[in-house]
Amino acid sequence: ITINFSDIGATAGRQLFLNNQSDFAVSPIPFQPDETPILASRNMTYSYLPIAAGGTAFMYNLRGVSDLKVSQRTAAKIFTGQITQWNDPAIVKDTGHAMPNERITPVVRADSSGTSAVLSKFFVAQTPDIWSQFTRSQNYPNTFTQQWPQFPGALAANLSEGVADLVNRTEGSITYVETSYAIQRNKPVAFVQNQSGFFTLPTAENVAIALAAARLAPDRTQILDGVYDDPDKSAYPLSSYDYMIVRRDAAHLSAD
């Protein structure tokens, strides 16, 4: 059996699955309300299988700094254009020491992305005032989004590889990406403040601790509100699952 897997992003992968152009897809979020009616009209049944767990990390490139710490509100303000300098008082307070007088270059996904959905869901739940102000200014619905709004001062790139490579070569930049992409490029990721006030890294242990607070949804994906608010001092709050989406309708399973 030959398996051909293409790294095209979660949104594009779900679209191929929906159009019956693939046998499986991988996504951190389930099919959305505009997608499920199409699946139903085509008699396509499917299941979500959790295949990976990890932390969405804030990978950064800042000369002389390897211990960046950000609260959830600080992170939200960076990725909505409200904090623009590395020596902003909020970042200095979080990190606990002086920071470079340098402009922040946020790097966001240019393509429709499951990672953007994961981060924006987090901001909707944890910093709703900051997120709603941002979406109003961008004429976006006040909900999570797979297409990150472009804003002044930010750069954009396609796919996780693209944003990670852009940060890797851009001094003063920061992005949101799966932790493995930062490890591959030997770049640091930020400590993120959790519900108990501790700043934690997206290590395997901290992610596992946080995800113990997830709840099972009817479609067998995970509800992450308890993960965001996990009071354990080691919990990494931006933890989530990736799901393989597999067909289970008889017509597909019996096909040659």
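Contact here means heavy atoms within 4.5 Å. With that in hand, let's walk through this predicted model, starting with one of its helices.

**Helix 6 and its neighbours**

Helix 6 covers residues 128-137, and its buried residues are I130, W131, S132, F134 and T135. Those buried residues pack against two other helices, namely helix 3 (72-78) and helix 5 (114-126). After helix 6 comes N139, which has a positive phi, near 55 degrees.

**Rings**

Aromatics turn up a lot in this part of the story. The structure holds 17 aromatic pairs. Two of them are set out below.

| Aromatic pair | Centre to centre | Angle between planes | Class |
|---|---|---|---|
| F122 and F123 | 6.1 Å | 50 degrees | tilted |
| Y241 and Y243 | 6.3 Å | 35 degrees | tilted |

F122 counts as buried because its relative accessible area is 1%, and the cut-off for buried is under 20%. F123 is buried too, at 0% relative accessibility. Over in the other pair, Y243 comes out at 3% relative accessibility, so Y243 is also classed as buried.

Ring pairs also link up into a cluster made of F58, F79, F122, F123, W131, F134, W148, F151, Y176 and Y228. W131 and F134 bring us back to helix 6, where both are buried.

**Strands**

In a regular strand the side chains alternate between the two faces of the sheet. Strand 1 (residues 24-27) shows such a pattern: A25 and S27 point to one face and are buried, while F24 and V26 point to the other and are not buried. Strand 1 runs antiparallel to strand 11 (residues 239-247), joined to it by 4 bridges. Opposite A25 in strand 11 you'll find I245.

Elsewhere, 3 strands make up an open sheet with mixed pairing, in the order 3-7-8. Its edges are strand 3 (69-70) and strand 8 (199-200), each pairing on one side only. Strand 3 and strand 7 (residues 191-193) pair in the parallel sense, over 2 bridges. V70 has V192 in strand 7 as its bridge partner.

**A cavity**

How many cavities of 30 Å³ or more does a search of the whole structure find? Just 1, with a volume of about 50 Å³. Its lining consists of I78, G81, I83, T84, R103, I104, P106, F151, P152 and G153. By type, that lining divides into 6 nonpolar, 3 polar and 1 charged. F151 links two parts of this picture, as a member of the ring cluster and as part of the cavity lining.

Terms used:
Residues numbered from 1 in each chain as written. Predicted model: local features only at pLDDT ≥ 70, side-chain atom pairs only at ≥ 80, totals over all residues. Heavy atoms only, no water. Buried < 20%, exposed > 50% of the residue type's maximum accessible area, 1.4 Å probe, protein only. Pairing = 2+ DSSP bridges. 1 Å grid on protein atoms, 1.4 Å probe; cavity = no way out; pocket = protein on both sides within 12 Å on 5 of 7 lines; lining within 4 Å. Points joined across faces, edges and corners; volume = space filled by probe spheres on them. Nonpolar A, V, L, I, M, F, W, Y, C, P; charged D, E, K, R; others polar. Phe/Tyr/Trp six-rings, centres within 6.5 Å; stacked < 30°, edge-to-face > 60°.
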